[in-house]
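Colleague: Could you walk me through how to read this one? I'd like to start with confidence and then go on to helices and contacts.

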Amino acid sequence: MISKKIVIASLLVVAGPLMAAPLSYDLKPQKIADNTWVLQGKLEDFSNRNGGNIVNTSFVVTEDGVVVIDTGPSLKYGKEMRAVIASVTDKPIKYVFNTHQHPDHFLGNQAFKDIEILSLPKTKQQIKQDGDSFAENMYRLVGDWMRSTEVQLPTTVIESDHLTLGSHRFQLSAFSGHSGADLVIYDEKTGVLFASDIVFYQRALTTPHTPGLATWMDDIDRLESFKYTHIVPGHGPVTMDHRPLAQMKSYLQWLDKTLTDAAKAGLSMTEVIRLPISAEFDSIQLTRTEFVKTVAHLYPKYEELYF
Amino acid sequence: MKQKISALALSAVISLPAYAVTDPLESPLWDYMRKTFIGNEPYVFDDQVKVELPEFAEDPTQVPITVDASALSGDIQRIISWADLNPIQHIFTYHPHPDIIPRMSLRIKVQQSTAVRAAVLTKDGVWHIGGRYLEAAGGGCSTPSMANADPYWESHLGEMKSRLFPREEGGRYKFKVIHPMDTGLVDAIPEFYIETISVRSEGGEPLARMELSPPVSENPVITFDVRDASKKHRIWLRDNGGNEFEQEL
């Protein structure tokens with residue numbers, strides 16, 4: 001016991017100067033399939049501690065160059081991601097994708113501003129319209145990690161349903177359930193499905209810009225038709241099975257039913273936010289936090305149906 | 001309980017200067033707000049007065065709150081609710097009636113993180129103070145109402161939707177009224193808000209009454225519970241422009 005205390009005390013001594021060291025995301029590339037790496041974010045909410053690294057970003061190294069999928073929450077993240085890519089391959093980066101308008105997925109764009117950045121047309125509009133206020137909010141939430149980060153718009157809107165680089169042919173599909181415009185990318189060569197934020201796994205989904213849970217549930221059905229080997233969610237661990245889709249489906253159904261039943265019973269919003277969350281979802285992080293926000297985003301629409 | 005309350009009240013009246021009772025929410029404006037809304041009248045912080053809200057204002061223009069003073073039911077003269085750090089602090093004042101349970105839910109605008117209070121004056125002349133702290137990124141009171149960008153309200157002002165929901169005991173009314181509820185804090189948009197809501201019997205006799213202030217959200221959605229769901233009720237509203245609206249609930 002005494003020796004343990006001493007160890008802790010000495011750790012504290014060492015930790016002091018370490019805390020003052022420059023912030024670093026310490027990104028660890030995880031090779032999930034041939035030529036394919038994922039940088040998995042934490043299953044957390046934005047905070048000063050994690051610097052906004054709660055998001056999955058990916059890159060695919062083809063014979064003719066690298067494709068980057070999402071650039072993270074800040075300029076710093078983008079730069080560190082670029083360094084990670086350079087540590088894996090000498091090949092140049094050819095294309096960068098922004099899967100949707102949310103700040104943790106595109107605010108690293110500045111680090112890639114010499115490269116073509118592609119998004120769905122609507123995503124570009126959304127970033128143009130709301131990007132600055134998203135960035136401002138990120139400064140408020142995570143602080144100094146954001147230093148010098150500014151909105152860098154996508155350069156090119158996607159007009160084709162595929163893109164080929166080297167021997168990789170990527171199918172590009174427009175979805176909308178999470179944010180109104182969500183890009184899903186399927187690599188035909190490896191069978192990896194980059195599901196963007198249409199899929200959250202083991203981390204509760206977020207709803208500030210969903211057109212509605214019914215649309216999102218349809219999107220999940222559509223994803224089931226992809227014959228993938230690996231699925232990369234926007235948030236949460238990569239898997240080789242259908243658990244993420246099954247979890248999304250039951251969680252979306254539960255949310256929809258809970259909000260419908262609450263509206264039918266005339267519950268007020270303060271009552272709804274305290275409703276029990278099904279034990280089925282115990283393994284998912286942040287269910288209560290996100291449920292409370294979802295009630296703010298969506299419950300008025302459900303109430304409207306039962307006046 | 002009664003004894004404890006009067007003992008506390010007594011101590012507040014006789015000996016203790018205001019700062020001796022610490023605000024459990026540690027708000028910098030507590031003492032000023034207290035003087036503004038309840039003057040030098042005796043008060044106690046009382047857990048029986050519940051203010052329910054989310055910890056964080058996801059949308060600072062639509063923060064749900066519930067004030068529940070049903071534990072003091074039958075003993076209430078008046079309820080005042082306010083947000084300490086809002087530019088317009090007052091939210092509503094409620095005048096009870098035996099037919100209506102003193103528990104109401106609505107949505108409010110907040111300008112920044114703030115304590116949200118409810119002060120309940122009981123018949124013995126003591127104010128019972130409840131409250132909760134709300135975190136917010138801010139801007140709710142100085143954001144233009146949606147109505148400002150969409151002329152829909154002009155032709156629908158005062159339109160109400162309502163429904164009676166069965167409860168285990170009695171019934172619950174929820175109603176929504178179209179109104180911009182402008183705060184007057186947005187450049188060149190004067191304050192324009194519903195001042196008075198009166199719940200009336202079928203025959204038009206006034207029962208409970210609420211006086212609202214502009215921090216109540218645009219297109220207010222208000223929920224309250226009645227003891228006897230078999231009785232019919234009407235709602236009557238008046239805004240600060242003198243418009244009156246009345247509808248059967």
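Modeller: Gladly! pLDDT is the predictor's confidence in each residue, from 0 to 100, and it matters here as this is a predicted model.

Colleague: What is the mean pLDDT of chain A, and where does pLDDT stay under 50?

Modeller: Where pLDDT is low, the predicted coordinates should not be read in detail. In chain A the mean is 94, with 93% of residues at 70 or more. Residues 9-17 of chain A stay under 50, and the model has 0 contacts for them beyond four places in sequence.

Colleague: Now helix 8 of chain A: what span does it reach, and where is its kink?

Modeller: Helix 8 of chain A covers residues 287-305, 19 in number, and goes 25 Å from first to last C-alpha, close to the expected 27 Å. Its kink, about 50°, lies at A:Leu298, shortly before the proline A:Pro300.

Colleague: Which residues of that helix are buried, and what do they pack against?

Modeller: An α-helix has 3.6 residues a turn, so residues three or four places apart point the same way. Among the buried residues of helix 8 of chain A are A:Phe291, A:Val295, A:Tyr299 and A:Tyr302. The buried residues pack against helix 6 and helix 7 of chain A, together with strand 14 of chain B.

Colleague: And how many residues does each chain give to the contact?

Modeller: Chain B gives 20 residues and chain A gives 14. On the chain B side, strands 4, 10, 11 and 14 each give two or more; strand 10 has the largest share, 4 residues. By class, that side has 7 nonpolar, 5 polar and 8 charged residues.

Definitions and conventions
Residues are numbered from 1 along each chain as its sequence is written. Chains are lettered from A and ligands numbered from 1 in the order in which they are written. This is a predicted model: local features need pLDDT of at least 70, side-chain atom pairs count only at pLDDT 80 or more; totals for chains, interfaces and linings use all residues. Two residues are in contact if their C-beta atoms, placed from the backbone, lie within 7 Å. Ala, Val, Leu, Ile, Met, Phe, Trp, Tyr, Cys and Pro count as nonpolar, Asp, Glu, Lys and Arg as charged, and the others, Gly among them, as polar. The expected span of a helix is 1.5 Å times one less than its number of residues. The bend at a residue is the angle between axes fitted to the seven residues ending there and the seven starting there. A residue is buried if 20 or more other C-beta atoms lie within 10 Å of its own, exposed if 12 or fewer, and partly exposed in between; C-beta atoms are placed from the backbone.
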